[in-house]
Structures are given as structure tokens and as C-alpha cells.
Amino acid sequence: MNKTAIMTDTNSGITPETAKKNGIFLLKMPFIVNGREYTEYGEMSYGGFFEALSSGAEVSTSQPSPASLTEMWDEILENYESLVYFPMSSGLSGTCETAKAFAADYDGRVFVVDNKRISVTLYSAVFNAVKLANKGLSSKEIAEIAENEAGDQSVYVSVNTLEHLKKSGRVTAAGAAIGTLLGIKPVLQIQGGKLDAYKKVRGMKAATDAMLDGIENDRNTRFAGKKVEIRAAYSGNLQIGKEWQEQVAKRFPDLEIGLDALPISISCHVGEGALGIGISAVL
């Protein structure tokens, strides 16, 4: 029997292809469009989601069903002694706490990690865990390391439209109208597992500059002397994502910059055309 399995979900930005290639178990997260539930990389494609969004569909996120979670755990544990599951931050969703409650019934064979991450930094955390598992560390050891290193990351996101933040209640209707009129682009930050305002700027160029400055400052202060990974992210248009990746690479020419599609759980709130960037300490 194999020793330690690493599991996450599509909130990590890890695709099914990448997961399979690296021996990662991937749970496809649900989302709702016009009252019907779909799963990411399932019945509705990523492009199809944005087509629905642009047509005015009502979208929202959802937690995985208890059955989909525990059935995957049961299947994994047929071949592994134990597993480590990396859901999105407990500060952004109830999935983590729900999973921890179910894990209590698995006699110490399932470890649910709350390392305060989502998307690009969760991606990095999962691959750190893969490296530790390949070195022979136990699930308990990997989970402890991951939670101890929860703060070694930072994410910035800028939106192209305020419409979806208005719908989610993060921006008032009046604020969204004024912001749209003035071309204001809010830059949001995820640190400590929660989404907060970072800056408000005018125009997407100023927004991307603010994100790059934020990451550069993080690297020179909080991450000084540490090995880091920087990943770019986008919602909707891959070409725009690649252009953003190139822009990030010019600012940080000594690093290989990764690129991920923002998961649908984030895209429901930020809409199409959002850009993100994350920095994480890595092994």
C-alpha cells in the first residue's frame, strides 16, 4: 500500500491533466448557473461559463456534497495509508470546516489542511506537499508543515468590471455605478485567508502596476532570503492571461512565471477580464 496521497480541488487552479500527471487527486468543485448545478471541468466548459455570464446568467458557488467528498476519500484510502486534503481557505468558504468534520470519522487517515489559500498560492502549496510526500513524510507531518507555512503567501486580484462584486455585496450599487463611470479598478488582496481591499486605482494599467508593486514589495520584505514561486492568473480570455504572464515575467526576469485560469469559484465574483498574481514560499 502506498503511504501518503495528496488531494485538492479545482479551487487550486490545478487542471485534471496536471493533477493526473503529478499523482494529485482532484475534486471537481460545483457551481450554479441559473439554478442548475454544474462541476468545474464537467458538463459546462470554462468558456461556456463565461458565455453564460456575459448573457446575464445568475451564477453562484456551492460546496461539494458530503458524498462526493467522502466517496473520493474512500477510493483513495483503498490504495493509500492516509491522505492530505487541501481545500480553499476557511476564510473564503465553509468547505474546509465541513471537510474537517467528516475527517474526524476516518480514524486519523484523513488530514484536512487549512493553509489560508486559494488559486495560485494553493497550487504552490499542493506541489510543496507532493514534494514532501515523495520524500516519505507522513500525512500528519505534511499537514503540520502546510498549516505552519500558511502565512508564506500573498495574492492580488484586479477586476475588469464591478458588476459581479456588486451582486455579491462587496461593492454597493451606488459605488459600482460611480466606479464604472470613473474607470476605477479595485485591487483586492488575499492574506490570512480573507479577501480585503488593497487599492483603488483608475484604469487596468494602474491596477496591474499596483499588483506588481505589491508582489515586489512582498518579495523584498516578507520573503527576503526565501525561495519563492510567482504565478499569474486570469479569468476568461487565455490570450489576455498570456499577455499578463509576459508582463509579470518582465518584472521578475529571474523567475519562471506560472499561469493559471482563475477557478470558477473566484470568477463568479470577479467576472471576465480579471487578473491575479500570487507569491508563495516554496521548497
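Strand E3 (residues 30–33) and strand E5 are paired in the antiparallel sense over 3 bridges, two strands being taken as paired if DSSP finds at least two bridges between them. Helices (H or I, at least four residues) and strands (E, at least two) are DSSP runs, numbered from the N terminus. The model is predicted, so that local features need pLDDT of at least 70 and side-chain atom pairs count only at pLDDT 80 or more, whereas totals for chains, interfaces and linings use all residues. Residues are numbered from 1 along each chain as its sequence is written, and side-chain values use heavy atoms, with hydrogens and water left out.

Within the pairing of E3 and E5, phenylalanine 31 has threonine 61 of E5 as its bridge partner. These strands belong to an open sheet of 3 strands in the order E4-E3-E5, with antiparallel pairing. Strand E4 (36–39) and strand E5 (59–61) stand at the edges with a single partner strand each, so one side of each is left without a neighbour in the sheet. From one strand to the next, the twist averages 30 degrees; angles run from 0 to 180 degrees between N-to-C directions, and axes are lines fitted to C-alpha atoms, for helices over the stretch in contact.

A further open sheet consists of 4 strands in the order E2-E1-E6-E7, with parallel pairing. Its edge strands are strand E2 (24–27) and strand E7 (110–112), each of which pairs on one side only. The twist in this sheet averages 25 degrees from one strand to the next. Strand E6 (residues 80–86) runs parallel to E7 and is joined to E7 by 3 bridges, with leucine 83 opposite valine 110 in E7. Helix H4 packs on the sheet, where H4 touches E6 and E7, and the direction of H4 makes about 160 degrees with that of E7. Helix H5 (residues 120–134) also packs on the sheet, touching strand E1 (2–9), E2 and E6, and the direction of H5 makes about 175 degrees with that of E1. Contact here means heavy atoms within 4.5 Å.

Helix H3 (residues 66–76) packs against helix H4 (residues 95–103) at an angle of about 50 degrees, their axes being 11 Å apart. This angle makes H3 oblique to H4; angles under 35 degrees count as roughly parallel, over 145 as roughly antiparallel, 65 to 115 as roughly perpendicular and the rest as oblique. The crossing of H3 and H4 is right-handed, a crossing being right-handed if the near helix is turned clockwise from the far one by less than a right angle, and left-handed if anticlockwise. Pro66, Leu69, Thr70 and Trp73 of H3 meet Ala99, Phe102 and Ala103 of H4. By class, this contact has 6 nonpolar, 1 polar and no charged residues, where Ala, Val, Leu, Ile, Met, Phe, Trp, Tyr, Cys and Pro count as nonpolar, Asp, Glu, Lys and Arg as charged, and the others, Gly among them, as polar.

The axes of helix H9 (residues 204–220) and helix H10 (residues 238–251) come within 11 Å and cross at roughly 45 degrees, which makes H9 oblique to H10. H9 passes H10 in a right-handed crossing. On the H9 side, Thr208, Asp209, Met211, Leu212, Asp213 and Glu216 meet Trp244, Gln247, Val248 and Arg251 of H10. The contact of H9 with H10 has 4 nonpolar, 2 polar and 4 charged residues.

Aspartate 209 also forms a salt bridge with lysine 205, with the closest N and O atoms 2.9 Å apart. Both residues lie in helix H9, 4 residues apart, about one turn of the helix. With a salt bridge defined as a side-chain nitrogen of Lys or Arg within 4 Å of a carboxyl oxygen of Asp or Glu, the count comes to 10 salt bridges.
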